Every structure is written in structure tokens, then in C-alpha cells.
Amino acid sequence: SIKDFIHNRYILYMSLFVIFSMMAATFVDYSFFNVTTLQMEANYLAQFLSAFEGLIVIFCILIQVLATDRIQAMYGMRVSLLVSPVLIGLFTLAALGLGFAFGYDPEHQFFVVFFMAIAASKLFIKSLKEGLDNPTFKLYLLPIESKIRIDVQTKIEGIVTAVASIIAGFAIVVITRVEVFDLLHITLFTLPLIALWYFVINKLHRSYRNTLQDTLKKNKEAATADAKQYTISQILE
């Protein structure tokens with residue numbers, strides 16, 4: 001049930017991971033499309049966006065083929081999930097520093113550097129999410145009991161993802177309605193989301209280890225109980 005879904009700490013951390021990562025990605029998307037319309041002329045905008053989306057697909061394939069298995073094997077699941085928030089956090093900090101130091105006026109000579117930092121955030125958050133985060137996140141579903149695993153996965157990929165998109169969109173609408181805030185503040189508000197994303201990953205991994213131990217213990221007890229139901233004569237018979 002929804003109540004059990006929320007009260008289960010491990011599943012709650014999985015849901016929070018989806019929510020904060022989705023919100024951070026939505027904020028980066030909003031910043032990217034805004035700076036792109038300022039940087040690119042209208043005649044070249046569609047062509048640039050098409051080429052950029054194609055570049056994301058190429059990066060995603062390269063990450064899946066060359067990096068995902070190696071990172072998971074060498075550094076484990078926790079580090080695999082931490083790659084995205086760390087990289088996105090660095091690019092966001094760089095964009096924020098450039099924006100505060102040199103401004104983000106399209107007429108300014110350093111605006112293109114600000115644009116490149118935002119574009120790099122968009123490139124890596126999209127390609128890493130598809131190429132590294134999603135395959136690793138599916139491994140965190142394995143310790144969940146088999147009788148509810150599919151139900152949990154369906155709710156997380158459906159309801160939780162939809163709720164995360166709604167929350168992110170609503171937050172952007174509220175921020176943009178306040179006259180004090182502008183495009184640079186959207187980048188600023190992305191940092192707390194990345195920090196929460198990082199924090200939840202650590203909590204999720206600790207809970208994963210505990211859940212895995214409990215699941216293995218239950219399976220072992222169930223196997224032992226099944227073995228005790230049979231006598232020697234029954235086995236021979």
C-alpha cells in the first residue's frame with residue numbers, strides 16, 4: 001500500500017533519490033534552454049538543439065559501453081551514483097561563479113563561458129542519468145522481497161517520477177514569478193538540490209546494505225525451515 005511504501009525507509013530513500021535527481025535535472029534543463037535562446041540566433045536554434053541532443057545520445061552510448069561496468073566493478077554502486085551529483089555540482093559552481101563575477105549579459109564577452117558551463121551540466125546530467133545512474137539504480141531494487149519488487153519498481157518509475165516532475169515544475173514557476181529572482185538564481189537554487197541528492201545517495205547505500213543483510217537472513221531461514229519439513233523416510237520415498 002501507499003502507507004507501507006512511505007513507511008519503508010529503504011524505499012523512501014529510493015524515492016527521495018528519484019525526486020532530488022529529477023528536480024536537479026529539471027532546473028538544469030530550464031537554465032540550459034534559457035541561456036541557449038540568449039546565446040543562439042533564432043535561425044540556428046533548432047539546428048543547435050538537434051545537434052546537442054545527438055551529442056547527448058553519443059555520450060550516453062559511450063558511457064554505457066566504456067564506463068558503466070568498469071565503474072561499478074572497480075568502485076561499487078555508491079560511487080557510481082555519486083559521479084553525477086559531483087560533476088554537476090562542479091559545473092554548477094563554475095557557472096555560478098562566472099555569472100556573479102562577470103555577469104550573464106549576452107553582450108558580455110564572458111557570457112559564452114557561462115553558457116558552456118550550463119551546457120556541460122546539461123550534457124553530463126542527461127547522459128550520466130541514462131548511461132550510469134539508471135543501470136546502477138536498478139541494482140538497488142534487488143534486495144527488495146521478490147513478491148513486492150515489481151510493485152515497488154512500478155510505483156517509483158511511475159508515481160514518484162511524476163510527482164518529482166510536478167514539484168520541480170511548480171518550484172520553477174514560483175521562483176520565476178518572484179521579480180527579485182532571475183536566471184542566475186535558478187542556477188543558485190540547483191546547488192541545494194545537488195547537495196540533497198548527494199546526501200540521499202549515502203543514506204540509500206547504508207540502507208541498501210542493511211536491507212540486503214535482512215533479505216539474505218530471511219531467505220536463509222526460509223530455506224532452513226523448508227529443509228526441516230522433510231524426514232529421511234520422506235526423502236527416500
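## A guided tour, starting at F17

Select F17 first: at 5% relative accessibility, this residue counts as buried, where buried means under 20% relative accessible area, exposed over 50% and partly exposed in between, with a 1.4 Å probe and protein chains only. You are looking at a predicted model, in which local features need pLDDT of at least 70 and side-chain atom pairs count only at pLDDT 80 or more, while totals for chains, interfaces and linings use all residues. Residues are numbered from 1 along each chain as its sequence is written, and side-chain values use heavy atoms, leaving out hydrogens and water.

**Stop 1: ring pairs**

The structure holds eight aromatic pairs. Rings of Phe, Tyr and Trp (its six-membered ring) pair if their centres lie within 6.5 Å; planes under 30 degrees apart count as stacked, over 60 as edge-to-face and the rest as tilted. Now add F137 to your selection. The ring centres of F17 and F137 are 5.2 Å apart and their planes are at 15 degrees, so this pair is stacked. F17 sits in helix α2 (residues 9-39) and F137 in helix α4 (residues 111-139), so the pair links distant parts of the chain, 120 residues apart. Helices (H or I, at least four residues) and strands (E, at least two) are DSSP runs, numbered from the N terminus. Like its partner, F137 is buried, with 10% relative accessibility.

Next, pick F48 and F115. Their pair is tilted, with 5.9 Å from centre to centre and 45 degrees between the planes. F48 lies in helix α3 (residues 42-102) and F115 in helix α4, so the pair ties together parts that are 67 residues apart in sequence. Add F32, F33 and F52 as well: ring pairs link F32, F33, F48, F52 and F115 into a cluster.

**Stop 2: the cores**

Which residues touch the most other members of the largest nonpolar core? Select M14, F17, Y140 and L204, which do so among its 39 residues. A nonpolar core is a set of buried Ala, Val, Leu, Ile, Met, Phe, Trp, Tyr and Cys residues joined through side-chain atoms within 4.5 Å. Helix α2 gives the most to this core, with 14 residues. Zoom in on L204: leaving aside neighbours within four places in sequence, its contacts (heavy atoms within 4.5 Å) are Y10, Y13, M14, F17, L81 and Y140. A second, separate core has 16 residues, including F32, L96, F114 and I118.

**Stop 3: salt bridges**

There are five salt bridges in the structure, each a side-chain nitrogen of Lys or Arg within 4 Å of a carboxyl oxygen of Asp or Glu. Select E53 and K126, whose closest N and O atoms are 4.0 Å apart. E53 lies in helix α3 and K126 in helix α4, so this bridge ties together parts that are 73 residues apart in sequence. Then try D151 and K155, with closest N and O atoms 2.8 Å apart. Both lie in helix α5, four residues apart, about one turn of the helix. Here D151 is partly exposed at 41% relative accessibility, whereas K155 is buried at 17%.

**Stop 4: out to the surface**

Finish by selecting I2, I6, L12, I159, V163 and I167, which form a nonpolar patch on the surface. Helix α5 supplies the largest share, three residues. I159, found in helix α5, is partly exposed, with a relative accessible area of 46%.

How values were computed: Patches are made of residues with over 30% relative accessible area and no salt bridge: like charges are joined within 9 Å, nonpolar side chains (Val, Leu, Ile, Met, Phe, Trp, Tyr) within 5 Å. Accessible areas come from the Shrake-Rupley method with a 1.4 Å probe; for residues, only the protein chains shown count as cover.
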